[in-house]
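The following account is intended to be read alongside the sequence and the coordinates. Please keep both in view while following the paragraphs in order.

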Amino acid sequence: MVATKINTKMLTGNKAAAWGARLADVDYVPAFPITPQTEIVETLAQWFAEGTMQGKFTNMDSEHSMFAAAGSAAASGVRVFTASSSQGILYGLEMLHTISGWRVPLVLVNVSRGLATPITLEPDHNDVMATRDTGIVQLHAETCQEVLDLILLAYRIAEDPRVLLPVLVNIDGFYLSFTREPVELPDENEVRVFLPAFKPVQPVFQASQPQARASAVLGGVNYSFFKYQHHLATLHAERVFMEVAREYGARFGRHYESVERYKMDDADSVFVMSNSFATKGKAAVNKLRKQGIKAGLLKLRLFRPFPVDAVADALCGHQKVAVIDQNIAPGAGGITFPEIASALYHREDRPKRLLSVIGGLGGMDIRDGDFLSIVEHLDEKDFKGPLMLFRKEDLDGFRTLQKIAGPDEERE
Amino acid sequence: MFKRINIRISGLGGQGAVTAAHLLAMAANRDGKYSISNPFFGAEKRMAPAESYVRIGVERIYDRGELVYPDVIMVFHPQVITMQKSYTAPFYSGVKEDGLVIINTSADLLTKEDHKRLEDLNVSVFNHDATKLALEIGGTELSTNMAMLGACAGVTKIVSLEALDGALQERFGKRYVASGGTATLDQAITKKYAKKAMLLKANMDTITKSYELADTWSEEAKPALANVAADVARSF
């Protein structure tokens, strides 16, 4: 059945995120603003103030307190939403590890922005990758529509008794946060059926019944079992994602899988990408195909748990694969590259060529020429990588700036 | 045959370059076209360079972010050119052949070299005194962005006036809701909404007048993009 009432609005990714929280009928939003996330909490603040949303919106003193408040509120049995970005999410990182260990369901949006130093406002994924090992489920959005849909899916995953974990939905700053495109808003009543009010299965904090949770465990043995349990719960999220996504597709007509294949069937060269730049990748695939190059794209949507089998099934049988990381681990390279490589290692029919590519840092554009260059480097068997994308004009410009900053004839 | 128009708006913080892009994209969507808009800015402060981009087409748009090769460039403030307050220098870099440049100015701001380079690309330049028009009709220079929108639509017909009106109402028009409080409060709210309705009308008048002026200019100057999307609206 497809939703009866269709209401399409031109929304920014930030507004779509706010709509996601509104349609999910969240009870509590602890907030702290940061560019490029501010529009989300600003919008929610207004909706709570007007009475459009019922519940409590609180401005916190920092992201650290914000995540602590979010986790505590979720432990009291209410539905919680929050959002951050970049330096902000890093400031609260300690609490992310902590609240995921509390096994409390909530949804948080990260609006990706490159990390200092140097400081910038535009996106890359080093911020969200820093939260990779917090034991929080992660979904990465490509379009404003996906932002809204993934938030609704995220609540179902978070609150599922097999999971009970925070879920993070990642959206790129600027390229999604401030970009307006048509977004179909699902009917509120339909959403209520898909996502009924949160009914916790575990005992919750109540003032009348004091209890202790998350106390210290020394000695390592019990600690390890907590961590193993956490790992298993996170793994469960993949199956739960598939179940709820199927239900969502049947109800609202938009179908999501843990990975998305774009023109992969006969592809010789495959780009692996995630988030909003995947749209650029799809455009490049179309253009390369017009030039007779059989290109395809695999988009990562569910990033934690890492859908090992889905990734391997999609990539095996293809000759050449380039993993484009919009992040950099200095001294190691791209962060998702080794994850893809390890997903493929045990498969006999794994791609013959696997290339690590780094690009789009701090929102630097990835252009058609870059994709062509990736295809060419896939054929250079001796090139080990990672391939760092840049254009000569930009390097010349950068050198000019260096000269202005400190004229030094000797420097290269 | 019209497939896609890429519009780059260069302005200064506070002029509504981002809002203008949003309204254009919304209007295009109302006309049944595909559209996507996004801004680029650094520090969010008045008079700092601010850019925005709109892509409007008849096919799904697999493109986002900075617009490097625009068909239409709108310059909202003379300082974009005279003081190079712009992320792209010169302001017309990347402009496509047969393109269109609309500048908010009463005087010619381009050098001989600029003119030559634009002529070589068959790019038409429309000097449009948008701020003057905004002050005359809207009574505030804050309507400059409306005058620029009207000009873009008047030359290219990329969006209809009806769709612009609809977009304006959707973005700024709010239906009056009784506060449920005291009568005095309700009265204050009614007044506020009445003022808003007047502002909306002034903005739409600015757009319409600008549209007409641009249409007239277009008939004489015959830019390559004149009426490029005139017959496309709702045709698919």
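The paragraphs below treat the contact between the chains, then an aromatic pair, a strand residue with its following helix, and finally the salt bridges.

The model under discussion is a predicted one. Chain A contributes 26 residues to its contact with chain B, and chain B contributes 22 residues. Between chain A and chain B an area of about 2000 Å² is buried, and carbon and sulfur atoms give 54% of it. The polar side of this contact comprises 6 residue pairs in polar contact, both residues being at pLDDT 80 or more. On the side of chain A that touches chain B, the elements giving two or more residues are β1 (7-12), α2 (38-50), β8 (180-185) and α10 (277-290) of chain A. With 5 residues, α10(A) supplies the largest share of that side. By residue class, the side of chain A that touches chain B consists of 9 nonpolar, 7 polar and 10 charged residues.

How many salt bridges are counted between chain A and chain B? The count is 1 salt bridge. R64(B) and E181(A) form a salt bridge, with their closest N and O atoms 3.3 Å apart. In general terms, side chains of opposite charge can pair when their charged atoms come close.

Aromatic rings also connect the two chains. Over all chains, the whole structure contains 17 aromatic pairs. In one of these pairs, the ring centres of F174(A) and F40(B) are 5.8 Å apart and the planes stand at 45°, so the pair is tilted. This pair crosses between chains: F174(A) belongs to the loop between β7 (166-172) and β8 of chain A, and F40(B) belongs to strand β2 (residues 34-41) of chain B. Is each partner buried or exposed? F174(A) counts as buried, because its relative accessibility is 2%. F40(B) is likewise buried, because its relative accessible area is 18% and the limit for a buried residue is under 20%.

The surroundings of F174(A) extend this picture. Apart from neighbours within four places in sequence, F174(A) is in contact with P36(A), L121(A), E122(A) and T179(A) in chain A, and with N38(B), P39(B), F40(B) and F41(B) in chain B. Ring pairs further join F174(A), F178(A), F40(B), F41(B) and Y87(B) into a cluster.

F178(A), a member of that cluster, is also among the residues touched by T12(A). T12(A) is located in strand β1 of chain A and, at 3% relative accessibility, counts as buried. Its side chain reaches the backbone nitrogen of K15(A) at 3.0 Å. Leaving out residues up to four places away in sequence, T12(A) touches E39(A), C144(A), L176(A), S177(A), F178(A), T179(A) and R180(A). T179(A) is thus listed both for T12(A) and for F174(A).

The next element to consider is helix α1 (residues 13-23) of chain A. Of its 11 residues, 9 are buried, so this helix is largely enclosed by the rest of the structure. The buried residues of α1(A) are G13(A), N14(A), A16(A), A17(A), A18(A), W19(A), G20(A), A21(A) and L23(A). Just after α1(A), D25(A) adopts a positive phi of about 55°.

Salt bridges number 39 over all chains of the structure. One of them joins the side chains of R347(A) and D313(A), at 3.0 Å from N to O. This pair links distant parts of the chain, 34 residues apart, with R347(A) in the loop between α12 (337-344) and β14 (353-358) of chain A and D313(A) in helix α11 (residues 308-315) of chain A. R347(A) counts as partly exposed at 26% relative accessibility, and D313(A) counts as partly exposed at 45%.

Another salt bridge, in chain B, is formed by K132(B) and E136(B), whose closest N and O atoms are 3.8 Å apart. These residues are separated by about one helical turn because they are 4 residues apart in helix α4 (residues 130-138) of chain B. K132(B) counts as partly exposed at 48% relative accessibility, whereas E136(B) counts as exposed at 55%. Finally, salt bridges that share partners connect E142(A), E146(A), E260(A), K282(A), K299(A) and R301(A) in one network.

Terms used:
Residues numbered from 1 in each chain as written. Chains lettered and ligands numbered in written order. Predicted model: local features only at pLDDT ≥ 70, side-chain atom pairs only at ≥ 80, totals over all residues. Heavy atoms only, no water. Contact = heavy atoms within 4.5 Å. Buried area = accessible area lost by both parts, 1.4 Å probe. Salt bridge = Lys/Arg side-chain N within 4 Å of Asp/Glu carboxyl O. Polar contact = N/O pair within 3.5 Å; in protein donor to acceptor, adjacent residues only side chain to side chain. Nonpolar A, V, L, I, M, F, W, Y, C, P; charged D, E, K, R; others polar. Phe/Tyr/Trp six-rings, centres within 6.5 Å; stacked < 30°, edge-to-face > 60°. Buried < 20%, exposed > 50% of the residue type's maximum accessible area, 1.4 Å probe, protein only.
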